[in-house]
Structure formats: C-alpha cells, structure tokens
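Please open the model in your viewer and keep the selection tool at hand. The stops below go from one selection to the next, with a short account of what is found at each.

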Amino acid sequence: WSNEDTSFSGHSQRRSELHHLDITQTRPAFVARRIAYGFALFGAHIYSTLFWYQDTRPSILVPLLVTVVYPLLLIVATRIMTARSRPSERYVFEFLLAFDLYQALSSAAILVVAVREASLLGMLGFSMWGNSSEMSSPTLRFLVWVHYVNRILELLDTFVRVSQKRLRAYGSLHVWLRMISVWSWWV
C-alpha cells in the first residue's frame with residue numbers, strides 16, 4: 001500500500017474523483033497494476049466461459065441459486081457496509097473500468113457475430129421476428145449462453161456499488177430487474 005492509497009487526503013481526493021468523474025475535466029489517478037488485475041480477472045472469466053461451455057440446455061439450478069443467494073449476499077454486504085465508517089475505495093475505480101470495458105466489448109462482439117450468423121442463416125429478411133424455432137446454429141447457441149453468463153457476471157456491479165456505500169441507489173426494483181434478466185436469458 002502506498003501513502004497515496006492510505007492517507008486521508010488521498011482518500012478524499014480519490015473519492016471525489018470516483019463520484020464526480022468527468023474525463024474532460026478531471027483525470028483520475030489510475031493505478032496501472034490494479035487495472036491489469038481487473039483485466040486478468042475478466043480474462044480468467046472468458047477462459048472459464050469457453051472452457052465450461054456445453055451445447056446443451058443450461059441447468060435450472062443456476063437461476064434458482066441466483067434467486068436465493070444474490071439477495072442474501074446483498075443483505076450481508078449492505079449490513080457490513082452500513083457498519084463501516086468509510087466506503088471501499090481501493091481497486092474500485094480500476095475494477096469498474098475493466099468491468100465496464102469487458103461488458104461493452106463483449107456485448108458489441110456478441111451483437112456483431114450474432115448479426116453475421118443470423119445473416120448466414122437467412123434470418124435477416126422481412127420475417128426477422130417470425131423465424132422458426134428450429135433455425136439455429138451452434139454459434140448462435142454459444143452467443144446466447146455467453147450473454148447469459150455475462151448477465152450473471154453483471155450482478156457483481158451491485159456489490160461494487162454497495163461497497164461504495166451507494167445503498168439508496170440500489171433498491172428492490174434494481175435487484176428484481178437483475179434477477180429477471182438472469183431468468184429471461186435462461187429461458
């Protein structure tokens with residue numbers, strides 16, 4: 001830990017940068033090593049996604065576990081953060097940078113490949129929304145599965161925001177919408 005990370009003035013400045021980030025006005029104090037940790041984490045996620053993929057219907061156990069475990073862990077995290085005097089600040093900005101870049105790039109890649117695959121299957125004609133359910137390919141099934149896994153990974157965002165003590169911004173509607181997203185992509 002460097003003095004910049006542990007001093008009170010360093011925390012105040014960093015917190016100010018995290019809450020009021022305007023790239024055109026303020027350049028946050030990035031710690032390159034922390035950004036590399038974030039990208040390494042998402043690299044491991046990509047590897048595990050590719051490694052564990054099977055071209056079969058996903059188990060209902062996953063959305064059931066998410067429905068039970070996610071709200072319980074949020075309750076625990078909220079109680080822990082309520083008892084703390086200051087929000088978590090180490091690694092937060094760099095993790096969110098890597099997280100948001102991963103989500104944006106993976107979603108863009110999924111969109112491009114899905115449109116390409118749908119075009120190859122002849123699904124982009126005038127009957128785009130009325131295609132037969134038998135029209136599919138291993139690539140489309142893989143893309144839907146990767147997007148499903150990304151929606152589960154997106155649940156981490158709520159924990160990061162709770163660690164910053166932004167407790168009021170994430171109410172029950174936010175939690176329900178996240179869980180519905182996991183269920184809808186499972187279906």
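**Stop one: a salt bridge across the chain**

Begin by selecting Arg 141, which at 36% relative accessibility counts as partly exposed, a class lying between buried (under 20% relative accessible area) and exposed (over 50%), computed with a 1.4 Å probe and protein chains only. The model is a predicted one, in which local features need pLDDT of at least 70 and side-chain atom pairs count only at pLDDT 80 or more, while totals for chains, interfaces and linings use all residues. Residues are numbered from 1 along each chain as its sequence is written, and side-chain values use heavy atoms, with hydrogens and water left out.

Now add Asp 55 to the selection: its side chain meets that of Arg 141 in a salt bridge, with N to O at 2.8 Å, where the term requires a side-chain nitrogen of Lys or Arg within 4 Å of a carboxyl oxygen of Asp or Glu. Asp 55 sits in the loop between helix 3 and helix 4 and Arg 141 in helix 6, so that the pair links distant parts of the chain, 86 residues apart; helices here are DSSP runs of H or I with at least four residues, numbered from the N terminus. Asp 55 is itself partly exposed, with a relative accessible area of 40%.

**Stop two: the aromatic pairs**

How many aromatic pairs does the count come to? The count is nine, with rings of Phe, Tyr and Trp (its six-membered ring) taken as paired if their centres lie within 6.5 Å, and with planes under 30 degrees apart called stacked, over 60 edge-to-face and the rest tilted. Select Tyr 53 and Trp 145, whose ring centres are 5.2 Å apart and whose planes stand at 55°, so the pair is tilted. Because Tyr 53 lies in the loop between helix 3 (32-52) and helix 4, and Trp 145 in helix 6 (residues 138-153), this pair ties together parts that are 92 residues apart in sequence. Trp 145 counts as buried, at 17% relative accessibility.

Move next to Tyr 70 and Phe 159, where the centres are 5.8 Å apart and the planes at 80°, so the pair is edge-to-face. Tyr 70 belongs to helix 4 and Phe 159 to helix 7 (residues 156-163), so parts that are 89 residues apart in sequence are tied together. Tyr 70 is buried, with a relative accessible area of 3%, whereas Phe 159 counts as partly exposed at 23%. Then select Phe 42, Phe 95, Phe 99 and Tyr 102, which ring pairs link into a cluster.

**Stop three: helix 7 and its surroundings**

Why is helix 7 described as largely enclosed by the rest of the structure? Six of its eight residues are buried, and therefore the description applies; the buried residues are Asp 157, Thr 158, Val 160, Arg 161, Val 162 and Ser 163. They pack against helix 4, helix 5 (92-120) and helix 8, contact meaning heavy atoms within 4.5 Å. Add Arg 178, which forms a salt bridge with Asp 157, the closest N and O atoms being 3.5 Å apart. Asp 157 lies in helix 7 and Arg 178 in helix 8 (residues 172-186), so the pair ties together parts that are 21 residues apart in sequence, and both Asp 157 and Arg 178 are buried. Finish at Lys 165, which follows helix 7 and has a positive phi, near 65°.

Key. Helix = DSSP H or I, 4+ residues; strand = E, 2+ residues; numbered from the N terminus.
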